[in-house]
Amino acid sequence: MPMPVRNLNENLQKRHGGKRTGTRITADTDTSIRSRRMKAAEASRRSKSQSESQGRLIWVLGVIALVALAVLLGTIILKDEYKNKPANSGESGDGTAGGLEIIAEYPHDPEAFTQGLLFHSDGHLYESTGLYGQSTIRKVNPISGDIIMQQSLDSIYFGEGLELVGDKLIQLTWRRRTAFCV
């Protein structure tokens, strides 16, 4: 709470040994002092707010830097781990794929978006392919890769999984809650 003008004048005289100094505090001077104090307090609040904002910014930048460092280190570690493996296969270079032994390779349609796949006891490969307007169910010769029989789905269906139930093939669809029995 600001001091009344009279008390300010008395305090000023006491500071100078009870002598009048020629400087007299007036109501205008008091308002000016109050105004300067308010401006100083506001500047202090702004400075504190800016400091807090800068502190938060530094913290966020620090977190981002740590995440980037972790990604970089992970990439370097994974790069070293897979350095000796062929670029476009799951093979480790010793005839295994992730601990599994590759015993045979078969030709396959590279345009097929395979969603379901099974070998039948009749010796054929049955395949469900996906993508709107391209979904099919196929019977394939596994040795040659030739399509023996193919049935296309309507373009509103996206073919998904395939299962053999008894002597029937069941093809599921994505989002349509529909299954086809062949």
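Two strands are taken to pair if DSSP finds at least two bridges between them, where strands (E, at least two residues) and helices (H or I, at least four residues) are DSSP runs numbered from the N terminus. By that criterion strand E8 (residues 168-173) and E9 pair in the antiparallel sense over three bridges, and Phe 180 in E9 is the bridge partner of Gln 171.

The model is predicted, with local features requiring pLDDT of at least 70 and side-chain atom pairs counted only at pLDDT 80 or more, whereas totals for chains, interfaces and linings use all residues. Residues are numbered from 1 along each chain as its sequence is written, and side-chain values use heavy atoms, with hydrogens and water left out.

**Overall layout**

The chain holds two helices and nine strands, which follow one another along the sequence as α-α-β-β-β-β-β-β-β-β-β. Of its 182 residues, 16% are buried, where buried means under 20% relative accessible area, exposed over 50%, and partly exposed in between (1.4 Å probe, protein chains only). Among contacts (heavy atoms within 4.5 Å) between residues at least 6 apart in sequence, 28% join residues at least 24 apart.

**The two open sheets**

Strands of a sheet pair through backbone hydrogen bonds, either parallel or antiparallel. One open sheet has four strands in the order E3-E4-E5-E6, with antiparallel pairing; its edge strands, each pairing on one side only, are strand E3 (114-119) and E6. Neighbouring strands of this sheet are turned by 15 degrees against each other on average, direction ignored, the axes being lines fitted to C-alpha atoms (for helices over the stretch in contact) and angles running from 0 to 180 degrees between N-to-C directions.

Another open sheet is formed by three strands in the order E7-E8-E9, and here too the pairing is antiparallel. Strand E7 (159-165) and strand E9 (179-181) are its edge strands, each pairing on one side only, and the average turn between neighbouring strands of this sheet is 20 degrees, direction ignored.

| Strand pair | Bridges | One bridge partner pair |
|---|---|---|
| E3 and E4, antiparallel | five bridges | Gly 116 with Ser 128 in E4 |
| E7 and E8, antiparallel | five bridges | Glu 163 with Ile 170 in E8 |

The hairpin of E7 and E8 has two residues between the strands, and Gly 166 takes a positive phi near 65 degrees there. In the hairpin of E8 and E9, with five residues between the strands, Arg 175 takes a positive phi near 70 degrees. In a regular strand the side chains alternate between the two faces of the sheet. For E8, the covered face carries Leu 169, Gln 171 and Thr 173, while Lys 168, Ile 170 and Leu 172 are on the uncovered one.

**Tyr 132**

Tyr 132 lies in the loop between strand E4 (125-129) and strand E5 (136-140), and it counts as partly exposed because its relative accessibility is 43%. Leaving aside neighbours within four places in sequence, Tyr 132 is in contact with Ser 155, Ile 156, Tyr 157, Phe 158, Trp 174 and Arg 175. The C-alpha atoms of Tyr 132 and Tyr 157 are separated by 6.0 Å, although these residues are 25 apart along the chain.

**The largest pocket**

A pocket is here an open set of points on a 1 Å grid over the protein atoms alone, where a 1.4 Å probe fits and protein lies on both sides within 12 Å along at least five of seven lines; lining residues have an atom within 4 Å of a point. The largest pocket has a volume of about 200 Å³, a volume being the space filled by probe spheres set on the points. Its lining comprises 13 residues, of which Tyr 126, Lys 139, Met 149, Leu 169 and Val 182 lie nearest the centre. E5 and strand E6 (147-152) each supply at least two residues of that lining.
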